[in-house]
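Q: I am new to this structure and would like a close look at a single part, followed by an account of how other parts can be read in the same careful way. Please go slowly and name the residues as you go.

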Amino acid sequence: MSAPTQGEHSREAVIAEEQEAVDHAYSCLERMRAATAKMVLDPGGANAKDSAELRREHQERLEAYDDLADKPLVFMRVDVSADDAGAAESFYVGRRNVVDEERERVVISWTSEAAVRWRQARQSDPGDVRLRRVLHCERQHVRGFHDEIHRARPSVSLAGRSSLDASASSVPADTPEALDPFLARELDLARDGRMRDIVETIQREQLDLVADDRPGALMVQGGPGTGKTAVGLHRVTWLLDNRGWRAQDVLVVGPHQDFLDFVSTVLPSLGSRGVRTMELSRIWGTGAAPHDTGPRARVKSDLRMAELLRRAVEDVVRPERLEDFVEYGAFTISGGGMSAGVEQADLQRSLEVALARPGSLRYQRDEFHKSLVTGLSARVIRSLSKQEREDRGKEGPHCEGPDRGLREETVVDSRLRAWAERHPRVDALLKALWPLTDEERILRRLFGDRAVLAKAARDLFSEEEQRHLLNKPRTKVVWSQEDRVCLEELRFLVRGERPRRYRHIVLDEAQDLTPMQARSLAQRCPDGSMTVLGDLAQATGPHKYATWGDFARSLGAGQWHTAELLVGYRVPRQIMEFAAPIARRHAPGVEVPRSIRAHGADALTLRHTAPELLLEELERRLWELEAVTGDQRSIAVIIPEDAGIFVGAEEVAEAVAARGRNARLVRVLNVPEVNGLEFDHVVVVEPAAIVGDDQNGLGSLYVALTRSTQSLSVIHARPLPAELVGGESERGPSAETSRASTAEFSEVVARPGEPERGEPERRGAGEGEGFGAPSGLDGLRSLIERGVEHERGSELRQRLWCALMLELHGRGHAPEHDGLVDALCTGPDGDRLFHVLGEDGHTYEGMRQGALRAKEVAHVHGTEADTVCLVLPKAPEQAGAVEAVREMFGILVIWRAGRRWAGPDVFRVLH
Ligand SMILES: Nc1ncnc2c1ncn2[C@@H]1O[C@H](COP(=O)(O)OP(=O)(O)OP(=O)(O)O)[C@@H](O)[C@H]1O
């Protein structure tokens with residue numbers, strides 16, 4: 001073993017010194033933990049309630065210590081000038097505040113004002129920072145370090161550096177392109193379905209936003225993977241620590257539950273427990289409600305709806321009905337030997353005053369009710385009081401004391417008020433003036449009655465827009481997500497009910513919020529303190545905002561400011577360059593992030609194939625990826641939402657699951673489900689179908705293409721959207737043509753009939769002959785082919801066929817298929833021919849016809865299949881049908897039962 005160099009000596013010495021400090025920090029933390037655990041058992045407190053409250057607080061602190069799990073407690077040392085003479089004081093920065101027995105600071109939380117300031121210092125403008133050293137720890141063990149700022153002497157890491165430190169010390173930390181090795185290592189880690197906190201490697205521009213203390217809404221625009229979500233979550237911890245807010249004061253809103261699960265460990269690892277997180281659709285009730293679509297969704301979630309709803313509520317009131325209750329110039333009630341009345345002019349005035357009061361519909365009604373009852377009971381009281389006085393004069397005193405008369409009057413007054421309050425005529429008058437006081441009925445009437453809608457929508461919505469809002473007559477109303485937002489607005493207008501409020505709200509993927517949703521969320525945050533995170537180029541919702549200023553208008557935000565994140569930390573550069581033209585087309589004013597991650601040679605793969613081979617190609621790509629990546633890396637298959645293209649998510653998922661061991665890490669998702677998530681490898685299937693004809697389809701594709709940290713594979717049968725291949729799209733000329741050219745990528749083109757790479761050539765269908773058709777049968781063959789082709793028009797049959805192909809491929813077969821044969825497996829125990837049936841395949845008649853067709857196919861194809869099998873979409877309708885088909889035709893039958901195959905011969909035919 002060679003002797004260590006001088007550099008290695010000094011490096012080892014530094015690590016040993018830092019290790020000592022880290023060990024001390026951990027032992028102090030352990031002491032604090034033990035003391036807290038003791039306090040949980042014996043919390044003290046003046047009474048039981050206090051004790052319970054204290055116990056809960058200690059318990060939370062204890063859990064916060066434990067939430068560190070395997071994350072390092074300490075990750076930075078900072079030396080700052082203590083005096084002009086050059087003395088320096090050292091501090092350690094970490095995930096928690098730690099003190100020693102004398103309550104001296106041992107570790108300062110990264111959220112403290114000082115720690116943030118030190119981290120914002122630059123080598124060129126260090127302020128009082130003399131040394132800023134990043135410690136690379138694995139749990140408690142210091143493995144390396146890197147000096148970002150060192151003013152006293154050259155960085156020790158320059159000498160004898162480890163491979164981990166090598167690039168860091170050679171790159172000036174102030175250079176934006178600098179990718180420090182700790183960061184590079186973090187970014188390259190496998191994505192296991194849970195986001196990690198980035199507190200150790202947070203970049204200056206990110207930290208600036210985390211610690212932004214301006215009041216109002218902070219809106220962060222940033223492309224895919226620029227760390228918006230990470231910034232939003234770290235900001236929550238910073239706010240809780242610096243504003244003294246409780247966790248319950250903050251709400252984090254994300255696009256869907258998977259996203260919330262994905263980020264669920266970040267806040268606890270930063271020491272912030274109990275922050276409420278919610279998926280967007282659950283904010284307004286159940287997430288299961290359907291969405292409106294197309295122009296209806298657009299109109300219904302437009303900000304103008306707020307005014308329409310206000311008018312709809314205003315229009316509910318029918319002041320003209322007052323007349324119907326007035327006789328001889330007054331409104332009167334009588335009963336129980338009493339009568340009372342209010343003159344019309346007074347009544348009119350009361351109504352006007354009530355309607356002019358700021359407040360909800362019910363509040364105004366109640367105010368009118370109160371003043372009416374006061375007016376009525378005042379009249380009765382006066383007459384009764386006179387009577388009483390006369391009676392009292394005859395009968396003598398009823399009770400003693402100076403306030404006798406007053407008390408009697410009060411009793412009479414309250415009894416009379418109750419009488420007037422509940423009088424049926426009063427009730428009838430209120431119902432006539434306010435016929436509706438229920439938000440659901442008001443909305444049903446607005447969307448169900450053309451005249452009501454036209455009156456309220458007069459100068460707000462065009463006639464066409466009004467048509468989109470109208471429900472079809474006699475349609476049973478199921479409240480959509482968009483309706484639910486309107487209902488919340490109505491609940492305020494009608495009852496004055498406001499949803500729960502928060503001190504701060506973080507909105508992630510905010511570009512997809514509708515204006516009405518944004519307005520509704522802002523109402524949960526009366527101080528307007530919000531963090532709004534989004535990317536206008538990733539917009540997939542019914543509304544597209546041109547600027548964040550438009551979004552701020554929906555929020556009704558008094559104060560707001562925007563910031564931009566421009567460096568991408570997730571997506572490798574080659575993929576980002578491929579996807580960028582899509583973003584530029586979709587949101588021309590928005591800057592595409594500069595990816596900090598270097599090209600991987602095989603980061604991008606494009607595969608073109610025939611529609612019926614899409615599934616096979618996908619299977620093949622998954623095998624390849626798994627072969628390369630092994631068991632540890634996550635893979636997402638992103639398919640179009642309208643799966644009509646070839647097969648649904650279920651079938652792909654089944655095929656993935658059937659492969660067993662790696663299935664855990666392979667997920668099949670569509671774009672709304674993948675929003676905000678990331679995976680190591682992503683396979684995007686049929687981009688053109690993801691774009692579809694939706695105005696926000698390009699946004700969806702941009703989301704799909706930018707989910708991976710390692711590689712992107714695109715498998716397509718339809719031509720790629722023009723933006724991806726540098727062409728002119730039908731959507732108009734590209735703002736900037738793509739720099740990507742298909743030649744740059746590994747592209748495999750496979751069509752039926754064309755030999756694929758490495759496969760023996762075979763003659764394709766549609767060229768006059770199938771593989772092995774006996775001569776003389778050509779005429780018959782084409783007749784039968786036409787019949788088969790016709791049957792293949794069934795979508796159900798197509799899906800069933802795909803499921804069968806997946807199954808067979810999954811079992812290691814390479815089934816042949818052509819214009820006649822659905823699947824033919826050749827193996828040592830004979831040939832098996834499968835014939836797939838469609839809609840009526842499970843009826844006996846369907847099976848009988850299918851059996852005949854299968855026989856014809858086998859005959860003209862010339863296959864001497866040892867086994868012919870019918871594949872039904874579900875279990876046969878008639879008992880005994882399977883046996884009958886087997887005995888009469890010699891044909892076996894299997895069928896689909898949910899996600900499985902079933903039938904008495906299923907193992908024989910599918911082995
Ligand atoms: N400073 C950093 N250090 C380490 N990892 C980082 C840093 N910044 C971002 N990342 C990582 O980059 C990935 C993308 O971050 P994040 O999901 O926050 O981006 P985003 O802008 O919200 O993306 P999208 O718009 O696609 O939702 C995450 O894995 C995150 O941990």
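### One strand pair, then its wider setting

A: Start with a single pair of residues: V80 has E89, in β2, as its bridge partner. The model is a predicted one, and every statement below should be read with that in mind. The two strands involved are β1, residues 74-81, and β2, residues 88-94, which pair in the antiparallel sense over seven bridges.

This strand pair belongs to an open sheet of six strands, whose order is β3-β4-β2-β1-β5-β6 and whose pairing is mixed. At its edges are β3 (98-99) and β6 (141-150), each of which pairs on one side only. Helix α3, residues 113-120, lies across β1, β2, β4 (105-109) and β5 (129-138), and runs at about 70° to β4. In the loop between β3 and β4 sits R103, whose phi is near 65°, a positive value in a residue other than glycine. R103 counts as exposed because it has 7 C-beta neighbours inside 10 Å.

Another positive phi gives a useful contrast. E686, in the loop between β20 and α26, has a phi of about 55° although it is not a glycine. Is E686 buried or exposed? E686 counts as buried, because 22 C-beta neighbours lie inside 10 Å.

The elements on either side of E686 lead on to a helix. Both β20 (679-685) and α26 (687-691) are among the elements that cover the buried residues of α27, and the cover also includes α22 (573-586), β18 (635-638), α25 (671-674) and β21 (708-716). Helix α27, residues 697-705, is mostly covered, with nine of its nine residues buried; among them are L698, Y702 and L705.

One of the covering elements, β18, can be followed further. Strands β18 and β19 pair in the parallel sense over four bridges, and V637 stands opposite V668 in β19. In a regular strand the side chains alternate between the two faces of the sheet. In β19, residues 666-669, both faces are covered: V666 and V668 are buried on one side, and R667 and L669 are buried on the other.

The surroundings of the ligand come next. The residues that come nearest, out of the 24 around the ligand, are T201, G227, K228, T229 and Y569. Two elements, α5 (181-188) and α7 (228-243), give two or more residues to this shell. By class, the shell is made up of eight nonpolar, ten polar and six charged residues. An unreviewed UniProt entry places the feature "binding site" at G222, G223, P224, G225, T226, G227, K228 and T229.

Two glycines from that UniProt feature can be examined one by one. G225 is in the loop between β7 (217-222) and α7, and it is buried because 27 other C-beta atoms lie within 10 Å. Leaving aside its neighbours within four places in sequence, G225 is in contact with G568, Y569, R570, V571 and T706. G227 is likewise found in the loop between β7 and α7, and it counts as buried because it has 25 C-beta neighbours inside 10 Å. With neighbours within four places in sequence again left aside, the contacts of G227 are I198, Q206, L565 and Y569.

A residue in a strand can be read in this way too. L251 lies in strand β8, residues 250-254, and it is buried because 23 other C-beta atoms lie within 10 Å. Not counting residues up to four places away in sequence, L251 touches R276, M278, Y502, I505 and R524. The C-alpha atoms of L251 and V275 are separated by 6.5 Å, although these residues are 24 residues apart along the chain.

Finally, a second sheet can be set beside the one described at the start. This open sheet has five strands in the order β23-β24-β25-β26-β27, with mixed pairing, and its edge strands are β23 (823-827) and β27 (900-902), each pairing on one side only. Neighbouring strands of this sheet are turned by 25° against each other on average, direction ignored. Strand β23 pairs with β24, residues 830-836, in the antiparallel sense over five bridges, and A823 stands opposite F834 in β24. Helix α29, residues 795-810, lies across β23, β24, β25 (867-872), β26 (892-897) and β27, running at about 155° to β24.

Notes: Residues numbered from 1 in each chain as written. Predicted model: local features only at pLDDT ≥ 70, side-chain atom pairs only at ≥ 80, totals over all residues. Pairing = 2+ DSSP bridges. Contact = placed C-beta atoms within 7 Å. Axes fitted to C-alpha atoms, helices over the stretch in contact; angles between N-to-C directions. Buried ≥ 20, exposed ≤ 12 C-beta atoms within 10 Å, placed from the backbone. Near = placed C-beta within 6 Å. Nonpolar A, V, L, I, M, F, W, Y, C, P; charged D, E, K, R; others polar. UniProt positions renumbered as here; feature names shortened; annotations may be inferred.
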